[in-house]
Amino acid sequence: MKPKEVIELAKSKDVKIVDMKFCDIHGTWQHFAIPLNELKEEVFEEGLGFDGSSVRGWRSIDASDMLVKPDATTAFIDPFAAHTTLSLSCDVVDPVTLEPYDRDPRGVAKKAEAYLKSTGIADTAYFGPEAEFFVFDDVRFDTTSNSSFYHVDSIEGTWNRGREEFPNLGYKIRHKEGYLPVAPADKNVDLRNEMILTMMDLGIKIEREHHEVATAGQAEIDIVFDTLLKTGDTMCLYKYIVKNVAYKHGKSATFMPKPLFGDNGSGMHTHSSLWKGGNPLFAGDGYAGLSEMALFYIGGILKHAPALCAICNPSNNSYKRLTPGFEAPVNLAYSARNRSASIRIPTYSASPKAKRVEYRTPDPSANPYLCFSAIMMAGLDGIQNKIDPGEAMDKNLYELSPEELSLVPTVPDSLAGAVAALKADHEFLMKGDVFTSDFIENFIRIKTGEYDAIRVRPHPYEYHLYYDV
């Protein structure tokens with residue numbers, strides 16, 4: 001839609017409120033609202049002011065003025081608002097230079113798409129993320145100077161087999177046995193169906209939804225692939241819908257990668273491919289039906305994977321998931337069909353249009369705009385420098401001997417390790433000014449602070465290990 005059409009839509013739907021949404025560095029939607037009479041066509045060009053110093057990781061207070069410029073193509077009627085509300089995703093702009101703010105994740109995605117076209121390699125990058133999440137019935141946590149705890153619960157949780165539920169009807173899902181059960185074991189069928197129906201009402205194309213491997217309401221909803229920017233927009237809306245539908249039913253959804261000990265965490269396996277002139281570029285006569293370009297793209301991702309982890313696995317909790325034994329792709333190898341490798345080439349279809357690369361390491365705590373942009377930039381670096389990905393690993397990497405496994409590189413085992421890798425390897429991200437030095441330095445500063453916040457606090461399990469020393 002164009003700005004004029006958005007205003008006409010709002011009037012036809014008797015909209016009362018217009019919500020301006022934008023994404024912060026952490027991947028969280030922020031917003032402010034205006035009455036409909038304030039939404040004029042010039043707002044789409046001139047923007048609206050807000051205080052950027054109050055957004056995590058953005059402006060200092062001495063340079064806090066910022067503008068948001070709504071994107072008319074992102075308009076939708078918010079199904080969760082009590083009063084009819086039109087929602088718009090926005091770009092963030094410097095009010096002095098009127099240039100895109102270099103810490104705006106949506107702006108990074110736009111620059112990534114522009115850089116791709118400038119290379120002549122391709123004109124479109126498609127992305128298809130598979131985000132997993134948990135739905136809990138109760139969530140409590142706190143930390144003080146003398147205590148720390150968390151407690152999550154679910155009617156499905158295997159630990160509730162003996163709980164008084166007046167009556168307890170059983171059908172609890174055992175650890176690692178939650179993949180694709182039917183009701184009554186799967187107790188969130190109607191909830192997930194409402195989520196996807198709401199997504200479809202708002203224009204999100206859905207492939208499938210199902211219960212995931214873990215107990216306690218782990219779920220996955222897969223969307224149809226789209227361009228980098230559009231998929232980033234969709235994932236912000238996706239999270240908004242998942243959380244609000246759960247909340248509406250007295251439940252809580254989280255995209256935290258590893259909320260449970262001893263069971264699978266939540267990943268965001270990310271499929272990508274490059275196209276030019278409407279033609280797919282990853283199909284060929286190489287390994288698993290890949291083109292030479294696709295193999296170089298894989299080589300770039302594998303080379304830069306440790307640095308990518310800082311952006312694609314950006315939380316301390318991410319590295320609780322990235323441990324062997326829970327289907328987490330910690331080994332930096334590629335293979336057709338093999339889910340134990342960090343990069344998989346799906347073989348569901350022989351169509352050249354379906355040929356793509358699945359990078360399995362990312363998790364849903366990642367900012368989607370930054371995650372997809374970084375993956376594409378790593379792949380492009382591989383193509384530009386003809387980086388050989390080496391031999392494919394067509395065996396279960398979890399069953400390799402210690403000698404064989406020692407030859408396979410792995411992802412960092414902590415946020416600190418990922419940040420150190422990004423600090424040492426980020427030039428590939430800065431091509432075309434997609435990620436600026438200011439962005440990288442600021443991102444490293446934020447993530448170092450998050451790591452230190454965990455590092456300096458006693459952990460409850462340390463009492464179990466060390467209290468009696």
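**Helix packing in a predicted model**

Helices α3 and α5 run roughly antiparallel to each other (a class for angles over 145 degrees), and in this predicted model their packing is a good place to begin. Local features rest on pLDDT of at least 70 and side-chain atom pairs on pLDDT 80 or more, while totals for chains, interfaces and linings use all residues. Residues are numbered from 1 along each chain as its sequence is written, and side-chain values use heavy atoms, with hydrogens and water left out.

Helix α3 spans residues 105-119 and helix α5 residues 228-248, where helices are DSSP runs of H or I with at least four residues, numbered from the N terminus. The angle between α3 and α5 is about 160°, and their axes lie 9 Å apart; such axes are lines fitted to C-alpha atoms over the stretch in contact, with angles from 0 to 180 degrees between N-to-C directions. The crossing of α3 past α5 is right-handed (the near helix turned clockwise from the far one by less than a right angle). On the α3 side the contact (heavy atoms within 4.5 Å) is made by R106, A109, K110, A112 and E113, and on the α5 side by L228, L229 and D233. By class, these residues are four nonpolar, no polar and four charged, with Asp, Glu, Lys and Arg counted as charged, Ala, Val, Leu, Ile, Met, Phe, Trp, Tyr, Cys and Pro as nonpolar, and the others, Gly among them, as polar.

Helix α5 also packs against helix α8 (residues 368-384), the two axes coming within 8 Å and crossing at roughly 150°. The pair α5 and α8 is therefore roughly antiparallel as well, and α5 passes α8 in a right-handed crossing. From α5, the residues L228, L229, T231, G232, D233, M235 and C236 take part, and from α8 they are met by P368, Y369, F372, S373 and M376. The contact of α5 with α8 comprises eight nonpolar, three polar and one charged residues. Residues L228, L229 and D233 of α5 thus appear in the contact with α3 and again in the contact with α8.

Another helix pair is formed by α6 (residues 292-312) and α10, the latter covering residues 415-424. Their axes come within 7 Å and cross at roughly 115°, and α6 passes α10 in a left-handed crossing, the near helix being turned anticlockwise from the far one by less than a right angle. Here P306, A307, C309 and A310 of α6 meet A418, V419, A421 and L422 of α10, a contact of eight nonpolar residues with no polar and no charged ones.

The loop that follows α10 and leads to α11 (437-455) holds D433, which counts as partly exposed because its relative accessibility is 45%, between the limits of under 20% for buried and over 50% for exposed (1.4 Å probe, protein chains only). The C-alpha atom of D433 is 9.1 Å from that of D102, although 331 residues separate them along the chain. In helix α2 (residues 41-46), E42 is likewise partly exposed, at 40% relative accessibility, and its C-alpha atom is 9.9 Å from that of K4, 38 residues away in sequence.

Across the whole protein chain, buried residues make up 53% of the 469 residues. Of the contacts between residues at least 6 apart in sequence, 69% join residues at least 24 apart. The C-alpha trace spans about 65 × 60 × 50 Å along its principal axes.

Notes: Helix = DSSP H or I, 4+ residues; strand = E, 2+ residues; numbered from the N terminus. Parallel < 35°, antiparallel > 145°, perpendicular 65-115°, else oblique.
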